[in-house]
Amino acid sequence: MDWIVWLGEHFIGMFQAGGEQFMGMVTGIVPLLIVLFTATNALIKFVGEEKVNKAAQFASRYAILRYTLMPVLALLLLTNPMACSFGRFVKEEHKPAFYDAEISYCHPITTFFPYANGGELFVWLGIANGITELGLSTAPLAVRYLLVGLVVILIRGLLTEKISNILRKRMNISTSTEGAL
C-alpha cells in the first residue's frame, strides 16, 4: 500500500515541478522574447518594408551575402519557420542552398536572440545552465556559437549550391535566367 502513496505523491510532484518551471519561463524568458520580437518589428517599420525588400534582393546576388547575411536577417526579422520565406528573394537555383544555410543557423542565433527560434531555445538554455553552474559567463560561448555558425552556414550554402548544380545537370533540369522577386 505504501507504493501507491509514494506513486501518488511523486506523480503530482512531477506536475508541480513542471508548473514551477513554466512559471519561471512566464516571468523570465517570455517577456524578453516579446520585447525582442516587438523591437525587431518596430525596426522594420522604421526602416520601411520596401527598403528591407530591396536590401534582401541586393544581398541575394552575392553568394557570401546570400549564405551569411540573408539567413541571419531572415531569422532575426521573421523568426523560424517564417524565415524560410526570405527564399523568395533568391533565384530558384539558389533556394536549396539558402534554405540549408538558413535552417543551419537556427541554433547559434538563439544564444543572443532567443525569440528567433523557440524550438532551439531549450538546447541553448541547457548548455547555458551548465556553463552558469560552473561560474562562467555564457557570453564568450554565445559569441563563438554565432561566429562558427556563420562560417558553417557559408560552407553549407556553397556546398549545397554546388551539389544542386551537379544534380540539376545530371537530371537535365534547366535553371531560370530570371532574377529573384
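This report describes how helices pack in a predicted model, and then turns to individual residues in the loops and at the chain's end.

## Helix pairs

Helix α6, residues 95–104, runs alongside helix α9, residues 139–170, with axes that come within 8 Å and cross at roughly 155°. Because angles over 145 degrees count as roughly antiparallel, α6 is roughly antiparallel to α9. The crossing of these two helices is right-handed. On the α6 side the contact is formed by P96, A97, D100, A101 and S104, which meet I153, R156, G157, T160, E161 and S164 of α9. Sorted by class, the contact of α6 with α9 comprises 4 nonpolar, 4 polar and 3 charged residues.

Helix α6 also packs against α5, at an angle of about 55° and with the axes 9 Å apart. That angle makes α5 oblique to α6. The crossing of α5 and α6 is right-handed. Here M70, P71, A74 and L75 of α5 meet F98, A101 and E102 of α6. The contact of α5 with α6 contains 6 nonpolar residues, no polar residues and 1 charged residue. A101 of α6 is named in the contact with α9 and again in the contact with α5.

A further pair is formed by helix α1, residues 2–27, and α2, whose axes lie 3 Å apart at an angle of about 30°. The contact involves G24, M25, V26 and T27 of α1 together with I29, V30 and P31 of α2. These residues divide into 5 nonpolar, 2 polar and no charged.

The table sets out the geometry of the three pairs.

| Helix pair | Axis separation | Angle |
|---|---|---|
| α6 and α9 | within 8 Å | roughly 155° |
| α5 and α6 | 9 Å | about 55° |
| α1 and α2 | 3 Å | about 30° |

## Buried faces of α3 and α6

Which residues of α6 are buried? They are A97, F98, D100, A101 and E102. The cover over these buried residues includes α4, α5, α7 (residues 106–109) and α9. D100 thus combines burial with a place in the contact with α9, while E102 combines burial with a place in the contact with α5.

In helix α3, residues 49–59, the buried residues are V52, A56 and A59. Viewed down the axis of α3, they fall within an arc of 65°, and therefore line one face of the helix. An α-helix has 3.6 residues a turn, so residues three or four places apart point the same way. The face of α3 turned away from the buried side carries the exposed residues E50, K51 and K54. The buried residues of α3 pack against α2 (residues 29–47), α4 (residues 63–66) and α5 (residues 69–78).

## Single residues in the loops and helices

T68 is located in the loop between α4 and α5. Its relative accessibility is 16%, so T68 counts as buried, the cut-off being under 20%. Apart from neighbours within four places in sequence, T68 is in contact with L150, I153 and L154. I153 is also one of the α9 residues that meet α6.

I131 belongs to helix α8, residues 118–133. With a relative accessible area of 19%, I131 is buried. What does I131 contact, leaving aside its neighbours within four places in sequence? The partners are L136, S137, T138 and L141. I131 and L141 are 10 residues apart along the chain, and their C-alpha atoms are separated by 8.9 Å.

## Backbone features

The loop between α5 and α6 contains T79 and P81. T79 has a phi near 65°, a positive value in a residue other than glycine. T79 is buried, its relative accessible area being 12%. In addition, N80 and P81 are joined by a cis peptide bond, with omega about 10°.

N172 lies in the segment after α9. Although not a glycine, N172 has a positive phi of about 60°. Is N172 buried or exposed? At 73% relative accessibility, N172 counts as exposed. The residues with positive phi described here therefore include T79, which is buried, and N172, which is exposed.

Terms used:
Residues are numbered from 1 along each chain as its sequence is written. This is a predicted model: local features need pLDDT of at least 70, side-chain atom pairs count only at pLDDT 80 or more; totals for chains, interfaces and linings use all residues. Side-chain values use heavy atoms; hydrogens and water are left out. Axes are lines fitted to C-alpha atoms, for helices over the stretch in contact, and angles run from 0 to 180 degrees between N-to-C directions. Helices (H or I, at least four residues) and strands (E, at least two) are DSSP runs, numbered from the N terminus. Angles under 35 degrees count as roughly parallel, over 145 as roughly antiparallel, 65 to 115 as roughly perpendicular and the rest as oblique. A crossing is left-handed if the near helix is turned anticlockwise from the far one by less than a right angle, and right-handed if clockwise. Contact means heavy atoms within 4.5 Å. Ala, Val, Leu, Ile, Met, Phe, Trp, Tyr, Cys and Pro count as nonpolar, Asp, Glu, Lys and Arg as charged, and the others, Gly among them, as polar. Buried means under 20% relative accessible area, exposed over 50%, partly exposed in between (1.4 Å probe, protein chains only). The arc is that of the directions from the helix axis to the C-beta atoms.
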